[in-house]
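Visitor: I would like a close look at a single part of this model. Please start there and then take me through the rest.

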Amino acid sequence: MKEDYYEILGVSKDASAAEIKKAYRKLALKYHPDKNPGDSSAEDMFKKSAEAYEVLGNQEKRAKYDRFGHQAFDGGFGGGGGGMNMDDIFSQFGDIFGGGFGGGGGFSGFGGGFGGGQRRAKGSNLRIRVSLNLEEIANGCEKKIKVKRKVQASGTTYKTCSTCNGSGQVTRVTNTILGRMQTASPCTTCGGSGQIIDKKPDGADAQGLITKEETVSIKIPAGVEDGMQLKVSGKGNDAPGNGIPGDLLVAIEEKEHQSLQREGDNLHYDLYITYSEAALGTSKEIDTVTGKVRIKIEEGVQSGKILRLRGKGISSINGYGKGDLLVHVNVWTPKTLNKEQKEFFERMANDENFQPNPEKSDKSFFEKVKDMFS
Ligand SMILES: [Zn+2]
């Protein structure tokens, strides 16, 4: 059972907006992580009171809470997990404490969570696009792509940062309307890593990095779609010193296929046959993602028939099987006829054998579509 927001803030149900704000300020200062380093119960209270204020400090949300209780906000915070993240809480401070806090001005240095000590800088991410054809998507593939990365120049040496003495943090005492506050923030001289460059070779930038072309091998799983993004960890730009490299973000582009159309994991192919082929039966070569295959068309096939080639579609990205290839049979009606042909069809016009006589197996188009999705 979730705790009552009014109880968390220690106010009565008919407290005014000003009283609620005041109560929250008090708690936020009392349980602020800067004042309680490493104290997880204080952190807990800090988060709880922020969540309570997020609701009670807003007239509309408060009214909802009064009517429906916690149910009104189930899953509402940060997409389900309940609780707010630190960025949410600190962005709320602008409202509570005015300009002096919030926005990272007063309370900063939580980049890596609480009590984090030294942070390791992370290199920036790189972004590339990879264009794939349907054949590559269907079964997955490996792509070797040339990427220009910033890497640590060999010969770069580091020394301890004299601003923070290697701790990566600087402590500041600020005078605020609420009294003196001690805050820790990442050292700006070394970016929080605790180390600065001592020597670097020619051609390296201020962070001791040089740009280098590297061939990165990217494993593309089967079933990716246009617009998806893959991450190759550690193949972005290097970070200086003991930092960790950024990631390579790969945006997938799907090339259009000349004859196959994709629909999820299934593929569609439009096959056109002549009247004669429909009447007499035939065999036809069609495209698949693994090359051409020959399929048999029975005599008397109806236009609109869908032939399903099981497992000839795209492998599911979740690893659950493969889609099918659906071949749509279209009987091509000639748009013009010469005299002889015209006579032939006129002769057949009243032939009993040419009269439509659909059987159960000649399902209507809509029934076929229904079948396909069931
Ligand atoms: Zn430093």
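Is Tyr-5 buried or exposed, and what is its relative accessible area?

Guide: Tyr-5 is buried, because its relative accessible area is 2%. Keep in mind that this is a predicted model.

Start with the ring partners of this residue. Tyr-5 pairs with Tyr-65, and the geometry is tilted. The ring centres are 4.7 Å apart, with 35° between the planes. Tyr-5 sits in helix α1 (residues 5–9), whereas Tyr-65 sits in helix α4 (residues 59–68). The two are 60 residues apart, so the pair links distant parts of the chain. Tyr-65 is buried too, at 5% relative accessibility.

Tyr-65 has a further partner in Tyr-6. This pair is also tilted, at 6.2 Å centre to centre and 40° between the planes. Again helix α1 meets helix α4: Tyr-6 lies in the former and Tyr-65 in the latter, 59 residues apart. Tyr-6 is buried, with a relative accessible area of 2%. Taken together, Tyr-5, Tyr-6 and Tyr-65 make one aromatic cluster. The whole structure holds 6 aromatic pairs.

Next, the metal site. Four cysteines coordinate the zinc ion through their SG atoms: Cys-161, Cys-164, Cys-187 and Cys-190. The distances run from 2.2 to 2.4 Å. Angles among the 4 donor atoms span 101 to 115°, and the site is tetrahedral. The tetrahedral label follows because four donors qualify if all angles lie between 85 and 135 degrees. Along the sequence, the donor residues follow the spacing C-x2-C-x22-C-x2-C. Cys-187 and Cys-190 are both buried.

Asn-165 deserves a look here. This residue is in the loop between β3 (157–160) and β4 (169–176). Its phi is near 55°, a positive value in a residue other than glycine. Asn-165 is exposed, since its relative accessibility is 65%.

Now the charged pairs. The count of salt bridges comes to 19. One of them joins the side chains of Asp-247 and Lys-122, at 3.0 Å from N to O. This pair links distant parts of the chain, 125 residues apart. Asp-247 is in the loop between β8 (229–232) and β9 (248–254). Lys-122 is in the loop between α5 (86–97) and β1 (126–132). Asp-247 is buried, at 8% relative accessible area. Lys-122 is partly exposed, at 47%.

A second bridge ties Asp-324 to Arg-308, with the closest N and O atoms 2.7 Å apart. Asp-324 lies in the loop between β14 (306–309) and β15 (325–332), while Arg-308 is in strand β14, so the bridge ties together parts that are 16 residues apart in sequence. Asp-324 counts as buried at 9% relative accessibility. Arg-308 counts as partly exposed at 30%.

Asp-287 and Lys-292 form another salt bridge, at 2.6 Å from N to O. Here a buried residue meets an exposed one: Asp-287 has 11% relative accessibility, and Lys-292 has 54%. There is also a network of salt bridges, which links Arg-149, Glu-214, Lys-235 and Asp-238.

Finally, confidence. The chain averages a pLDDT of 82, and 83% of the residues score at least 70. Among the elements, strand β11 (residues 266–274) has the highest mean pLDDT, at 97. The lowest mean belongs to α5, at 51. Two stretches need care. Over residues 75–83 the pLDDT is below 50. That stretch has 9 contacts in the model beyond near neighbours in sequence. Residues 94–117 also have pLDDT below 50, with 47 contacts beyond near neighbours in sequence. Where pLDDT is low, the predicted coordinates should not be read in detail.

Terms used:
Residues are numbered from 1 along each chain as its sequence is written. This is a predicted model: local features need pLDDT of at least 70, side-chain atom pairs count only at pLDDT 80 or more; totals for chains, interfaces and linings use all residues. Side-chain values use heavy atoms; hydrogens and water are left out. Helices (H or I, at least four residues) and strands (E, at least two) are DSSP runs, numbered from the N terminus. Buried means under 20% relative accessible area, exposed over 50%, partly exposed in between (1.4 Å probe, protein chains only). Donors are N, O and S atoms within 2.8 Å of the metal (3.2 Å for Na, K and Ca); water is not among the atoms, so sites may look incomplete. Four donors count as tetrahedral if all angles lie between 85 and 135 degrees; four count as square planar and six as octahedral if opposite donors are over 155 degrees apart and all others between 65 and 115; anything else is irregular. A salt bridge is a side-chain nitrogen of Lys or Arg within 4 Å of a carboxyl oxygen of Asp or Glu. Rings of Phe, Tyr and Trp (its six-membered ring) pair if their centres lie within 6.5 Å; planes under 30 degrees apart count as stacked, over 60 as edge-to-face and the rest as tilted. pLDDT is the predictor's confidence in each residue, from 0 to 100. Contact means heavy atoms within 4.5 Å.
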